[in-house]
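Colleague: Could you take a close look at the sheet in this model for me, and set it within the chain around it? I would like one connected account rather than a list.

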Amino acid sequence: MTDKMKKTQIRTCIGCRSTDVKHVLIRLVNSKNGVMVDKTGKCNGRGAYIHNSGKCWDRILDGRVLRKALRVEDNPDNLLGLRKDIEKITTKMSFEVV
Ligand SMILES: [Zn+2]
């Protein structure tokens, strides 16, 4: 596979359900420690993609979408780490926007 092909991989955002090129999406992974933001893009586990956009985060934060996309158990603890990660990302984002 060439680099060019890698760059044009298309993934579906689990927030807004639209498709986009992989490199503009953030990977979430269902790891042993619960659902986390996969900062390296290389974590093992079932993954899902989402735009780095407040609109898209909002849609997954109730956990229902994530449970379906990542097949996580219906356990709020699974989403604790992710919520913290999202908070960090969105806080940074709003600083950058302002
Ligand atoms: Zn989206």
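Modeller: Helices and strands are taken here as DSSP runs, of at least four residues for a helix (H or I) and at least two for a strand (E), and they are numbered from the N terminus. On that basis the protein, which is a predicted model, follows the pattern α-β-β-β-β-β-α-α-α along its sequence, with four helices and five strands in total. Three of the strands form an open sheet, in which the order is S4-S3-S5 and the pairing is antiparallel. Because strand S4 (34-38) and strand S5 (46-51) each have a single partner strand, they stand at the edges, and one side of each is left without a neighbour in the sheet. Neighbouring strands of this sheet are turned against each other by 30° on average, with direction ignored. Strand S3, covering residues 25-31, is joined to S5 by six bridges, and the two run antiparallel; Leu25, for instance, has His51 in S5 as its bridge partner.

Beyond the sheet, Leu61 lies in the loop between helix H2 (54-60) and helix H3 (64-70). Leu61 counts as partly exposed because it has 15 C-beta neighbours inside 10 Å, whereas a buried residue would need 20 or more. The C-alpha atom of Leu61 is separated by 9.1 Å from that of Leu82, although the two residues are 21 residues apart along the chain.

For the protein as a whole, buried residues make up 24% of the 98 residues, and of the contacts with a separation of 6 or more, 57% are accounted for by residues 24 or more positions apart.

Note on methods. Residues numbered from 1 in each chain as written. Predicted model: local features only at pLDDT ≥ 70, side-chain atom pairs only at ≥ 80, totals over all residues. Pairing = 2+ DSSP bridges. Axes fitted to C-alpha atoms, helices over the stretch in contact; angles between N-to-C directions. Buried ≥ 20, exposed ≤ 12 C-beta atoms within 10 Å, placed from the backbone. Contact = placed C-beta atoms within 7 Å.
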